[in-house]
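Got your viewer open and a hand on the mouse? Load the model, colour it by secondary structure, and follow along stop by stop.

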Amino acid sequence: MIPALRQQFNANFTPEKYQTFLKLMEDRCGAPVNFQLSETPCFFSKPLLDQMSQYGEELIRQLGGLEYRKASFEAIPPDFNVPREAPHPMFIQVDF
């Protein structure tokens with residue numbers, strides 16, 4: 001976390017700005033967002049973001065290989081297999 005950016009954000013935060021944020025999200029989603037939204041961003045340094053991106057790419061490469069896919073397919077009970085499943089996922093998300 002970058003302390004100066006955190007302090008600046010906190011100093012400029014208002015409930016009105018948060019309500020504007022919620023309205024923007026509702027407009028972009030086309031429906032009310034029915035769960036708590038984080039009202040505070042995280043301020044990370046560029047080197048840390050680059051490192052996280054690198055780790056994410058490494059995870060995707062490990063989990064996207066044929067060997068892992070075969071092992072995971074064999075670990076899932078047949079009742080949960082998806083018919084005509086695509087050979088690659090449509091999207092992948094890596095959370096830190």
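Start with the whole chain and colour it by relative accessibility: buried residues account for 5% of the 96 residues here. Keep in mind as you look around that this is a predicted model. Switch on the surface next, and you have about 8,600 Å² exposed, with carbon and sulfur atoms supplying 61% of it.

Now go back to the cartoon. How many helices and strands does the protein chain have? You should find four helices and zero strands, and walking along the sequence gives you α-α-α-α. The radius of gyration is 20 Å, well over the 12 Å that the globule rule gives for 96 residues, so the chain is more spread out than a compact globule. If you draw a box along the principal axes, the C-alpha atoms fill roughly 55 × 35 × 20 Å.

Before zooming in, try two more whole-chain views. For a contact map, keep the pairs at least 6 apart in sequence: 61% of those contacts join residues at least 24 apart. For charges, select the 9 positive and 12 negative side chains; the centres of the two sets lie 5 Å apart.

**Stop one: the rings**

Select Phe 9, Phe 13, Tyr 18, Phe 21 and Phe 43, and show them as sticks. Ring pairs link these five into a cluster, and the structure holds four aromatic pairs. Take Phe 9 and Phe 13 to begin with: their ring centres sit 6.2 Å apart with the planes at 45°, so this pair is tilted. Go on from Phe 13 to Tyr 18, where the centres are 6.5 Å apart and the planes are again at 45°, which makes this a tilted pair too.

Are these rings buried or exposed? Phe 9 is partly exposed at 25% relative accessible area, and Phe 13 is also partly exposed, at 36%. Tyr 18, with 15% relative accessibility, counts as buried.

**Stop two: Arg 6**

Next, select Arg 6, which lies in helix α1 (residues 3-12). Is this arginine buried or exposed? Arg 6 counts as buried, because its relative accessibility is 17% and the cut-off for buried is under 20%. Expand the selection to whatever Arg 6 touches, skipping residues up to four places away in sequence, and you pick up Met 1, Thr 40, Pro 41 and Phe 43. Phe 43 should look familiar, as it belongs to the ring cluster from the previous stop.

**Stop three: Met 1 and two distances**

Follow that contact to Met 1, in the segment before α1. Met 1 is exposed, with 52% relative accessible area. Leaving out neighbours within four places in sequence, Met 1 is in contact with Arg 6, Cys 42, Phe 43 and Phe 44.

While Met 1 is selected, draw two C-alpha to C-alpha distances. Run one to Leu 48: these residues are 47 apart along the chain, and their C-alpha atoms are separated by 9.6 Å. Leu 48 itself lies in helix α3 (residues 46-63) and is partly exposed, at 31% relative accessibility. Run the other to His 88, which is 87 residues away from Met 1 in sequence and 35 Å away in space.

**Last stop: Arg 84**

Finish in the segment after α4 (66-75), where you will find Arg 84. What is the phi of Arg 84 near? The value is near 55°, which is positive in a residue other than glycine. Most residues other than glycine have a negative phi. Turn on the surface one more time: Arg 84 counts as exposed, at 81% relative accessibility.

Key:
Residues numbered from 1 in each chain as written. Predicted model: local features only at pLDDT ≥ 70, side-chain atom pairs only at ≥ 80, totals over all residues. Heavy atoms only, no water. Helix = DSSP H or I, 4+ residues; strand = E, 2+ residues; numbered from the N terminus. Rg over C-alpha atoms; globule rule 2.2 N^0.38 Å. Buried < 20%, exposed > 50% of the residue type's maximum accessible area, 1.4 Å probe, protein only. Contact = heavy atoms within 4.5 Å. Areas by Shrake-Rupley, 256 points an atom, 1.4 Å probe, with all protein chains shown as cover. Lys, Arg positive; Asp, Glu negative; His and termini not counted. Charge placed at Lys NZ, Arg CZ, Asp CG, Glu CD. Phe/Tyr/Trp six-rings, centres within 6.5 Å; stacked < 30°, edge-to-face > 60°.
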